[in-house]
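This report describes a ligand site, a set of salt bridges and a surface patch. The structure is shown first, and the text then takes these topics in turn.

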Amino acid sequence: MTKDTPHAESACNLATDTNEVSANEEQHSECSSLDTGFDGFGFSPELLKTLTQKGYKNPSPIQKAAFPDLMMGRDLVGQAQTGTGKTAAFALPLIERLEEHQVRPQVLVLAPTRELAVQVADSFKAYSAGHPHLKVLAVYGGADFRSQILSLKKGIDVVVGTPGRVMDHIRQGTMDTSNLKSLVLDEADEMLRMGFIDDVEWILEQLPSERQMVLFSATMPSEIRRLSKRYLNSPAEITIKTKAQEARRIRHRCITVHNSRKLEALNRVLDSFIGDGAIVFARTKAITIDVAESLAASGHEVAVLNGDVPQNQRERTVERLKNGAVDVLVATDVAARGLDVDRIGLVVNFDIPFDSEAYVHRIGRTGRAGRTGEAILFVNPRERRFVSTLERAVGQSIESMGIPKNSEINESRLHRLKTRIVENAKNSTRLDSELKTFNELLVGILDEESLTTEEIALAAIELAVGPKPFLFEGDESWLEQPINRTRNESRQDRFGSGRRSSDKGSRKIEGNMERFRVEVGHRDRVKPGNLVGAIANESGLNGRMIGRIQIFDTYSFIDLPKGMPDDVFKVLKRLKVMNRELQIQRTSH
Ligand code: AMP
């Protein structure tokens, strides 16, 4: 259901049919003659000033629709994805409704991943720049408990956290929820998929009955609808459909390549790419490491983001990606969820995603803030049949492309070198005094040597490029060979072809699944959500690919897609859930 907004007559001509527009900066800048787009919602002068300083000129469609209801304290269900401005849609009204000088938290935001929690907390901090008394805290697993407790004791207004850690704080009495005025569930479908929904419901049961609740979700599975019916009080409903629009700004292409040649193909793709940063998605942590090592060896500035990377290092990595110190990030799906870096111009799906939603999430890392982006998917011959499913999901065709040849790589190298020289000549950042010295040096050489300016410039380019050969001359004979399926690929790919059983009552294992035994059970108080969350996190497997789970006293059975790669199996063996190693093994069922 699309909600009409009272600001439909706004002179800036933002479309009022929220299904037809997307919240990108191009649209905001179209309205640059109006600098009062946030007037009329009852925002304080301090907040209006912060928004102006941030360069926000007009509210995005979801913001226009959400502000009036949220400012009045009404509950709200919003179907919207990242990139629509949904964080500000709830953060701004909630900031404005906060009471000053309270110790106990007034706003709680639950987010599925620590990355999203940190991002949302950062947004709250940025938007409350004009409200210096406001205290915002991100709480998530893996971060130091004691410092979180200390901050909560001193007084926090807004807590943004992942369900598990928030639950721990409430249980231990280190987070008092009795003064809570508003609760936000951000990316609710993601929390469901990661197996957090029981934790979320537990948290909801602990909160005061009189509170405002906001639920945002990119999709609305029945479980989320049920949650919304049960806990929200006649909520306003907003739907912002940007998927197709966002996708159209992204060019989707696909390369068919044997698994054994993927690394080489990736190196060629990145070397021929003219643009800013890139993210490469790999299926498991082990693959992220292999890929990153290979790229680093070829001279790329590369970093890894996977579940093993400690939190503080992740934040540093994202920062380095933002400021251009890193050009290629190699990540697993879970670790890169919600990543918001404008300069990502290319997403490479090194491994095919587990399902179409994962693909949509992956490609959502590019084409941000109104920019265009490229998405390249690697498939082996057997995986080609999944491409049409992905095409349907994005409503666009995924064109076939060849692996870049030496000539294309060299063209890109030349283009990049030319851009660097021209940009530097036009906008040098060097001190004027130094430039003057260089100029004197140049004049001196011209005076003393029988060299032309052109010869000197050539020598300078040679020095800048360094001693290594500039033009790429790798073996490219294999690029012409026809691609057929190898037996090995058929075996490996089965791991990605399973689907979670919809018939949860069935005791039989689905044909494409295998049953595993893990050594945690009721005695460890394990719940299906714990197993789904942990296994999804570690294997990169989408939660929905995980099948039936049966919990017994000292062990459990779990059905997973057939053909689990050995490295994932090894990791899962040592993985601890509820403080006990899974010691996963195949059953004879
Ligand atoms: P989100 O959907 O919350 O992830 O926001 C997407 C991006 O849009 C973020 O980088 C925000 O800073 C930016 N943004 C949100 N609202 C506005 C606005 N009204 N004008 C310009 N940029 C915005």
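## Ligand site and salt bridges

In this predicted model, an oxygen atom of the ligand lies 2.7 Å from a backbone N or O atom of glycine 85. The protein covers 84% of the 500 Å² of accessible area that the ligand has on its own. Further polar backbone atoms approach the ligand: one belongs to threonine 84, at 3.0 Å from a ligand oxygen atom, and another to asparagine 58, at 2.9 Å from a ligand nitrogen atom.

The shell around the ligand holds 14 residues, of which Tyr56, Gln63, Gly83, Gly85 and Thr87 are the closest. By residue type, the shell consists of nine polar, three nonpolar and two charged residues. Glycine 85 is thus both one of the closest residues and a source of a backbone contact to a ligand oxygen atom.

The report now turns to contacts between charged side chains. The whole structure contains 25 salt bridges. Three of them are set out below, with the distance given between N and O atoms.

| Basic residue | Acidic residue | N to O distance |
|---|---|---|
| Arginine 226 | Glutamate 201 | 2.4 Å |
| Arginine 515 | Aspartate 559 | 2.7 Å |
| Arginine 580 | Aspartate 524 | 2.7 Å |

Consider the pair formed by arginine 226 and glutamate 201, whose side chains meet in a salt bridge. The two residues stand 25 positions apart in the chain, with arginine 226 in helix α10 (residues 222-231) and glutamate 201 in helix α9 (residues 197-206), and the pair links these distant parts. How exposed or buried are the two partners? Arginine 226 has a relative accessible area of 32% and is therefore partly exposed, whereas glutamate 201, at 12%, is buried because its value falls under 20%.

Arginine 515 and aspartate 559 form another salt bridge. Because arginine 515 belongs to strand β15 (residues 513-518) and aspartate 559 to strand β17 (residues 556-561), this pair ties together parts that are 44 residues apart in sequence. Arginine 515 is buried, at 5% relative accessible area, and aspartate 559 is also buried, at 3%.

The side chains of arginine 580 and aspartate 524 meet in a salt bridge as well. Arginine 580 is in strand β19 (residues 580-581) and aspartate 524 is in the loop between β15 and α22 (528-539), so the pair ties together parts that are 56 residues apart in sequence. Here the arginine is partly exposed, with a relative accessibility of 33%, while aspartate 524 is buried, at 10%. Salt bridges with shared partners also build a network, which joins Glu201, Glu205, Glu223, Arg226 and Arg230.

## Nonpolar surface patch

Which residues form a nonpolar patch on the surface? Ile421, Val422, Leu458 and Ile461 do so, and together they have about 310 Å² of accessible area. Helices α18 (406-426) and α20 (453-465) are the elements that give two or more residues to the patch.

Valine 422 may serve as an example. This residue lies in helix α18 and has a relative accessibility of 36%, so valine 422 counts as partly exposed. Because patch residues must have over 30% relative accessible area, the 36% of valine 422 meets that cut-off.

Notes:
Residues numbered from 1 in each chain as written. Predicted model: local features only at pLDDT ≥ 70, side-chain atom pairs only at ≥ 80, totals over all residues. Heavy atoms only, no water. Near = heavy atom within 4 Å. Polar contact = N/O pair within 3.5 Å; in protein donor to acceptor, adjacent residues only side chain to side chain. Areas by Shrake-Rupley, 256 points an atom, 1.4 Å probe, with all protein chains shown as cover. Nonpolar A, V, L, I, M, F, W, Y, C, P; charged D, E, K, R; others polar. Salt bridge = Lys/Arg side-chain N within 4 Å of Asp/Glu carboxyl O. Helix = DSSP H or I, 4+ residues; strand = E, 2+ residues; numbered from the N terminus. Buried < 20%, exposed > 50% of the residue type's maximum accessible area, 1.4 Å probe, protein only. Patch = residues over 30% accessible without salt bridge, like charges linked within 9 Å, V, L, I, M, F, W, Y side chains within 5 Å.
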